[in-house]
Amino acid sequence: MRLRQLLLPVMSMCLIGAARADIRVGVDLSLTGAAAAIGIPSANTVQLWPQTLGGQRAQYIVLDDGTDPAAAVRNVRKFIAEDKVDVIVGPNITPNAIAALDATAETGTPMVALAASASIVEPQTDPRRRWAFKMPQNDALMATLLTEYMANHGVKTVGFIGFNDAYGESWWREFSKMAEMRHLRVVAQERFGRMDTSVTGQVLKLMSANPDTILIAGSGTPAVLPQKTLNERGYKGRIYQTHGIASWDFLRIGGKDVEGTLFPTGPVVVARALPDSHPAKTVALDFVRRYEAKHGADTVTQFAGDAWGAWLLLDDASRRALKTGAQPGTPAFRHALRDAIESTKNLTVPNGVLSLSAQDHQGFDQRARVMGTIRNGKFAYAGDK
């Protein structure tokens, strides 16, 4: 379990012998490995978190899972058994978050995942999911906007290539369902791995079906590979990606190969270009200014915004949990905090407005997604229609 040097200022708050009344938060992120482009912006945001939650002093303990589900589980069990945390934020990729479900449910520890797939929190009939919440928009919400945009722009046939894990399967399930409703015909589908170095075979099969457009259901920098290969092989149709690409490493590695990409995204990624009437714009811009003050212009990502949203969610829920009289560091407080998170209503975060319930542990609606594009090497607003 490796710690990043960039997190030492955060770790300095985690002093041995700290008062039991502090709220302790374990943060598991992929700071190395294939998902580092997702994890590092989240870690940058954790450094910006205020040192209180709900008016109570907070401690943040951050560990790197190396993009490995087994390491994520070890980290989560360490947080619970050794660090005695009240809540866990992360993991930030779907396979790792799903792997952590048993540990959090067994010990009654709430988890606010930073990974996208709805399978982390659904079905709610699974008792493990009672303790799991997540910040990123459900794939179904994003697929609805994506397919509407495709249909409105004349797309008739689509090729699909996605990760061969829970993220790709979730996107295939939601996208194929919505594509049928929009009368979009999926003419080919393929899979690839996060660690693959070649997808030539899959790309050739996609191109042989001659789709109007191709959707790549990947996240972080691994999502560049299919798009780069499609360009190298001369594909001329439009290429769509998912909200999992909104990192600056994706732009850096993709370069000219990802120019013109269309993708659904959270409002924070294009905050300055949003209409003033957008309900998340004020909160999103506040976070953008905080983040850019430390990390420079045009550095905010979807994942950074989700991490700030996690702090806002926990700050709001902790305030209400503390009113029950339960003390941090106890099972009673973990239960109260879980219940408070689940009862959150109309909380504006950088990527939308949250209203959670026993039936919905994500909580976003259509206010949490817009269409983005890549223009001149930057993320840009493409509208909602």
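**Helix packing and a buried serine**

In this predicted model, helix α11 passes helix α12 in a right-handed crossing. Helix α11 covers residues 281-295 and helix α12 covers residues 302-322. Their axes lie 11 Å apart, and the two helices pack at an angle of about 110 degrees. Because angles from 65 to 115 degrees count as roughly perpendicular, α11 and α12 are roughly perpendicular to each other. On the α11 side, the meeting residues are V283, F287, R290 and Y291, and their partners in α12 are A304, G305, W308 and L312. Sorted by class, the residues of this contact comprise 6 nonpolar, 1 polar and 1 charged.

A second pair of helices invites a look as well. Helix α8 spans residues 200-208, and helix α9 spans residues 224-232. Here the axes come within 10 Å and cross at roughly 60 degrees. How are α8 and α9 oriented to each other? An angle of roughly 60 degrees falls outside the range of 65 to 115 degrees for roughly perpendicular, and is not under 35 degrees as roughly parallel would require; α8 and α9 are therefore oblique to each other. The crossing of this pair is right-handed. From α8, the residues T200, V203 and M207 take part in the contact, and they meet P226, T229 and L230 of α9. The contact of α8 with α9 contains 4 nonpolar and 2 polar residues, with no charged residues.

Attention now turns to burial, beginning with helix α2. This helix runs over residues 36-46, and 10 of its 11 residues are buried, so α2 is largely enclosed by the rest of the structure. Which residues of α2 are buried? They are A36, A37, I38, G39, P41, S42, A43, N44, T45 and V46.

A single residue, S119, rounds off the picture. S119 sits in the loop between strand β5 (111-113) and strand β6 (132-134). Is S119 buried or exposed? Its relative accessibility is 17%, and since buried means under 20%, S119 counts as buried. The side chain of S119 makes a polar contact with the side chain of S117, at 2.7 Å. Leaving aside residues up to four places away in sequence, S119 touches T94, I98, R129 and A166.

Methods: Residues numbered from 1 in each chain as written. Predicted model: local features only at pLDDT ≥ 70, side-chain atom pairs only at ≥ 80, totals over all residues. Heavy atoms only, no water. Helix = DSSP H or I, 4+ residues; strand = E, 2+ residues; numbered from the N terminus. Buried < 20%, exposed > 50% of the residue type's maximum accessible area, 1.4 Å probe, protein only. Polar contact = N/O pair within 3.5 Å; in protein donor to acceptor, adjacent residues only side chain to side chain. Contact = heavy atoms within 4.5 Å. Axes fitted to C-alpha atoms, helices over the stretch in contact; angles between N-to-C directions. Parallel < 35°, antiparallel > 145°, perpendicular 65-115°, else oblique. Left-handed = near helix turned anticlockwise from the far one by under 90°. Nonpolar A, V, L, I, M, F, W, Y, C, P; charged D, E, K, R; others polar.
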